[in-house]
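Look at the chain below and keep a pencil at hand. Try each task before you read its solution.

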Amino acid sequence: MIAELGNELKKIIEEITASDILPVYTEEEDEATERAPKVFHGFLAPEDAETLIPAICIRTILSKNSLEERRLLTKITIAIFNKDSMEGYEILYSMLEKVMNYIIEKGIIGEKFEVLPEAEWLISEEQPYPYWIGEIKFSILMAKKYRTDLMDWLDGEEEK
C-alpha cells in the first residue's frame, strides 16, 4: 500500500512539475543544461545527487495505527541547483507552494488515500549552496486493516 501511495504521488508530481525547467549542475561553466525535476519514490542516491538534482523525493516516514484511523506521515523533498541564492530561494518556495497546494486541493490520492489539510513545508536555514532543499510533510489517512478472525470468534467457530 505504501508503494502504491508513493507511485500515485510520483505521477501527480511529475505532471505538475513537467514545465518547471531548472538548471542542472555541470562541470563546464559554459555548458548550461536545464530539465524538469526527476521524481523518485524513495531516497536520492547520495553518490549521484549532483547530477540527479533538480529532484523530488517522496517517502512515507511514519505510520501510526489507532482504533480510529491509520495515519501516514509522508514527506516530499525538493532539491534544486541555482548559483543565484535569491533566485534559488524563490524557485524553491514557489515549487513547495505549488506541490503542497495541489495535493491538498486534490484531497484523494489513488481512491484509497485521503490527504488531510494539515500540511507544512520547511526550508532549513542551512543550505548546501548552490543546492537548495525544502520539504513538505503531509498527513494521509489510509484504509485500515482489521482482524480477520473476529467474525469466526463471534459466530462461535473455532480455529482449525
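The exercises below go from the whole chain to single residues. This is a predicted model: local features need pLDDT of at least 70, side-chain atom pairs count only at pLDDT 80 or more, and totals for chains, interfaces and linings use all residues. Residues are numbered from 1 along each chain as its sequence is written, and side-chain values use heavy atoms, with hydrogens and water left out.

**Exercise 1. The elements**

Task: List the helices and strands of the protein chain in order from the N terminus.

Solution:
- Start with the rule. Helices (H or I, at least four residues) and strands (E, at least two) are DSSP runs, numbered from the N terminus.
- Count next. The protein chain has four helices and eight strands.
- Now write the order: α-β-β-β-α-β-β-α-β-β-β-α.

**Exercise 2. The sheet**

Task: Find the order of the six strands in the open sheet, and name the edge strands.

Solution:
- Two strands pair if DSSP finds at least two bridges between them.
- The open sheet reads β3-β4-β5-β8-β7-β6, and its pairing is mixed.
- β3 (38–41) and β6 (108–109) are the edge strands, as each pairs on one side only.
- Look at one pair. Strands β7 (residues 113–123) and β8 run antiparallel and share eight bridges.
- Zoom in on Val 115. Its bridge partner in β8 is Ile 140.

**Exercise 3. Helices across strands**

Task: State which strands α1 and α3 lie across, and give one angle for each helix.

Solution:
- Axes are lines fitted to C-alpha atoms, for helices over the stretch in contact (heavy atoms within 4.5 Å). Angles run from 0 to 180 degrees between N-to-C directions.
- Helix α1 (residues 2–17) lies across β3, β4 (55–65), β5 (70–81), β6, β7 and β8. The angle between α1 and β3 is about 170°.
- α3 lies across β4, β5, β6, β7 and β8. The angle between α3 and β7 is about 165°.

**Exercise 4. Buried or exposed?**

Task: Sort Ser 139, Tyr 93 and Glu 111 by relative accessibility.

Solution:
- Use the cut-offs. Buried means under 20% relative accessible area, exposed over 50%, partly exposed in between (1.4 Å probe, protein chains only).
- Ser 139 sits in strand β8 (residues 131–142). Ser 139 counts as buried because its relative accessibility is 11%.
- Leave out residues up to four places away in sequence. Ser 139 then touches Arg 71, Leu 72, Leu 73, Glu 114, Val 115, Leu 116 and Glu 118.
- Tyr 93 belongs to helix α3 (residues 85–106). Its relative accessibility is 36%, so Tyr 93 counts as partly exposed.
- Glu 111 is in the loop between β6 and β7. Its relative accessible area is 77%, so Glu 111 is exposed.
- Finish with the whole chain. Of its 160 residues, 38% count as buried.

**Exercise 5. Backbone details**

Task: Find the cis peptide bonds at Pro 54 and Pro 130, and the phi of Glu 111.

Solution:
- Ile 53 and Pro 54 are joined by a cis peptide bond, with omega about 15°. Pro 54 is in the loop between α2 (49–52) and β4.
- From Tyr 129 to Pro 130 the peptide bond is also cis, with omega near 5°. Pro 130 is in the loop between β7 and β8.
- Glu 111 is not a glycine, yet its phi is positive, at about 60°.
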